[in-house]
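Visitor: Could you walk me through this one slowly, please? I'm in my first year and I'd like to start with a single detail before the big picture.

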Amino acid sequence: AAVKADEAQRKKLEDFEKAMAEARVALAGNQFAEASDKFAAALAILPGAPEAVAGKRQADGKKGAADDV
């Protein structure tokens with residue numbers, strides 16, 4: 001049972017890292033809505049992860065600023 005739990009945790013972390021990587025790429029490409037969605041996906045996997053919270057806040061802030069232009 002411990003092996004399955006470790007495998008599930010590893011998969012969860014892989015999914016989180018993939019979502020974070022995609023979010024960073026979107027953010028770097030000024031695709032703020034997509035970045036926000038990807039950070040939200042990362043937060044769904046690991047709620048409260050500080051780097052995902054900060055990234056989503058940044059994307060949302062820039063998305064709002066872009067909407068004002």
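Guide: Let us begin with one pair of charged side chains, keeping in mind that this is a predicted model. Asp60 and Lys56 form a salt bridge, in which the closest N and O atoms are 2.9 Å apart.

Visitor: Where do Asp60 and Lys56 sit relative to each other?

Guide: Both belong to helix α3, which covers residues 50-68, and being four residues apart there they are separated by about one helical turn.

Visitor: And are those two buried or exposed, or something in between?

Guide: Something in between: Asp60 is partly exposed with a relative accessible area of 28%, and Lys56 is also partly exposed, at 22% relative accessibility.

Visitor: How many salt bridges are there?

Guide: The count comes to six salt bridges. One of them joins the side chains of Asp15 and Lys11, with 2.8 Å from N to O, and these two residues lie four apart in helix α1, about one helical turn from each other.

Visitor: How exposed are Asp15 and Lys11?

Guide: Asp15 has a relative accessible area of 30% and is partly exposed, while Lys11, at 47% relative accessibility, counts as partly exposed too.

Visitor: OK, which residue forms a salt bridge with Lys38?

Guide: That is Glu22, and the closest N and O atoms of Lys38 and Glu22 are 3.2 Å apart. Lys38 lies in helix α2 and Glu22 in helix α1, so this pair ties together parts that are 16 residues apart in sequence. Lys38 is partly exposed at 25% relative accessibility, and Glu22 is partly exposed at 29%.

Visitor: Which residues are linked in a network with those two?

Guide: Lys18 is part of it as well, since a network of salt bridges links Lys18, Glu22 and Lys38.

Visitor: Staying with charges, how many positive and negative side chains are there in the protein?

Guide: There are 11 positive and 12 negative side chains, and if you take the centre of each set, the two centres lie 2 Å apart.

Visitor: Let's zoom out now. How many helices and strands does the protein have?

Guide: The protein has three helices and zero strands, and reading from the N terminus the elements run α-α-α. Its radius of gyration is 14 Å, well over the 11 Å that the globule rule gives for 69 residues, so the protein is more spread out than a compact globule.

Visitor: What box do the C-alpha atoms fill?

Guide: Taken along the principal axes, the C-alpha atoms fill a box of roughly 55 × 20 × 15 Å.

Visitor: What share of the residues counts as buried?

Guide: Of the 69 residues, 23% count as buried. The accessible surface comes to about 4600 Å², and 56% of that surface belongs to carbon and sulfur atoms.

Visitor: Can you show me one residue on the inside? How buried or exposed is Phe16?

Guide: Phe16, which is found in helix α1, is buried, with a relative accessible area of 2%; the cut-off for calling a residue buried is under 20%.

Visitor: Which residues does Phe16 touch?

Guide: Leaving aside residues up to four places away in sequence, Phe16 touches Ala42, Ile45, Leu46, Ala49, Glu51 and Ala52. As a separate distance to look at in the model, the C-alpha atoms of Phe16 and Gly55 are 13 Å apart in space, with their positions 39 residues apart in sequence.

Visitor: What about contacts across the whole chain, how many join residues at least 24 apart?

Guide: If you consider contacts between residues at least 6 apart in sequence, 45% of them join residues at least 24 apart.

Visitor: Changing topic to the loops, where is Asn30?

Guide: Asn30 has its place in the loop between α1, residues 2-28, and α2, residues 32-45. Its phi is near 60 degrees, a positive value in a residue other than glycine, and at 55% relative accessibility Asn30 counts as exposed.

Visitor: And where is Gly48 found, and is it buried or exposed?

Guide: Gly48 is found in the loop between α2 and α3, and with a relative accessible area of 52% it is exposed. Not counting residues up to four places away in sequence, Gly48 touches Leu43 and Val53, and its C-alpha atom is separated by 16 Å from that of Gln9, which is 39 residues away along the chain.

Note on methods: Residues numbered from 1 in each chain as written. Predicted model: local features only at pLDDT ≥ 70, side-chain atom pairs only at ≥ 80, totals over all residues. Heavy atoms only, no water. Rg over C-alpha atoms; globule rule 2.2 N^0.38 Å. Buried < 20%, exposed > 50% of the residue type's maximum accessible area, 1.4 Å probe, protein only. Contact = heavy atoms within 4.5 Å. Areas by Shrake-Rupley, 256 points an atom, 1.4 Å probe, with all protein chains shown as cover. Lys, Arg positive; Asp, Glu negative; His and termini not counted. Charge placed at Lys NZ, Arg CZ, Asp CG, Glu CD. Salt bridge = Lys/Arg side-chain N within 4 Å of Asp/Glu carboxyl O.
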